[in-house]
Amino acid sequence: MKTVLCFGDSNTYGYNPENGFRYPADIRWTGRLQTLLGDEYKIIEEGCNGRTTVFEDPIEGWKSGQSYLKACLNSHKPIDIVIMMLGSNDLKSVFNASAERIAGGAATLVKEIIEFTEDKQGFVPKIILVSPPEIGEGIKNSPFYGSFDMDAIERSK
C-alpha cells in the first residue's frame, strides 16, 4: 500500500464556507482521490484552515505549515507521495507577501520534505506541488474580505 500525504489549508481540510463546517469525505478532493486510487493507496488528510507556508499568524500562531511539517511527516512515515497545496492564506493582507515570497515559502517546505524524509525514512517521496485556486472578485463580498484585500486577486494569479 502506498501512503499519500495531502498537506494543505482549508481547501484540503474541506471547509464549507456556507456553514463553517466540513464537507463530507466523499465531497472533499482528498476523499475523491481515495475513491479514484482505491485500496492500494492510503490518503492522509492533513488540511488546516488558515494554514500558511512559512508565515506565523499573529492571531492564531499555530497556523504555519513549516512549524508542523516535520512532526506530520514523522508521524505518518513512511510516506510515498506528498501532495502539497498551500499559499492561499499567505495572500492575507497581514503578511504583505508578494507572489515570489509565497513561492519561496513553498520552496522552503519542499526542501524540508526532501531533507527530512531522506534522513528519517531513508527515501524521498514523490512531491506534487499544487497551486491553490485563484482568489476571485467575489472576495469583496466574502466574510474573508477583512483578511484578504483586492490586491490578493492579482497576486493569486
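**Notebook: cores and sheet**

I began with the largest nonpolar core of this predicted model. Of its 15 residues, I noted that Leu-5, Phe-7, Leu-69, Leu-73, Val-82, Met-84 and Ile-113 touch the most other members. I then listed the elements that contribute two or more residues to this core, and found β1, α3, β3 and α4 (99-120). The most comes from α4, which gives 5 residues.

I next looked up a second core, which is separate and holds 10 residues. Phe-55, Phe-95, Ile-102 and Ala-152 are among them.

I returned to Met-84 and searched for its contacts, leaving out residues up to four places away in sequence. Met-84 touches Phe-7, Ala-106, Leu-109, Val-110, Ile-113, Ile-128, Leu-129 and Val-130.

I then traced the sheet. It is open, with 4 strands in the order β2-β1-β3-β4 and parallel pairing. I recorded β2 (41-47) and β4 (126-129) as the edge strands; each has a single partner strand, so one side of each lacks a neighbour in the sheet. From one strand to the next, I noted a twist that averages 15°.

Within the sheet, I examined the pairing of β1 (residues 2-8) with β3 (residues 81-85), which is parallel and runs over 5 bridges. Here I found Phe-7 opposite Met-84 in β3.

Lastly, I checked which helices pack on the sheet. Helix α2 (residues 29-37) does, touching β1, β2 and β3. I recorded an angle of about 175° between the direction of α2 and that of β2. Helix α3 (residues 65-76) also packs on the sheet and touches β1, β2 and β3. For α3, I noted a direction at about 165° to that of β1.

Conventions. Residues numbered from 1 in each chain as written. Predicted model: local features only at pLDDT ≥ 70, side-chain atom pairs only at ≥ 80, totals over all residues. Heavy atoms only, no water. Pairing = 2+ DSSP bridges. Axes fitted to C-alpha atoms, helices over the stretch in contact; angles between N-to-C directions. Contact = heavy atoms within 4.5 Å. Core = buried A, V, L, I, M, F, W, Y, C linked by side-chain atoms within 4.5 Å. Buried < 20%, exposed > 50% of the residue type's maximum accessible area, 1.4 Å probe, protein only.
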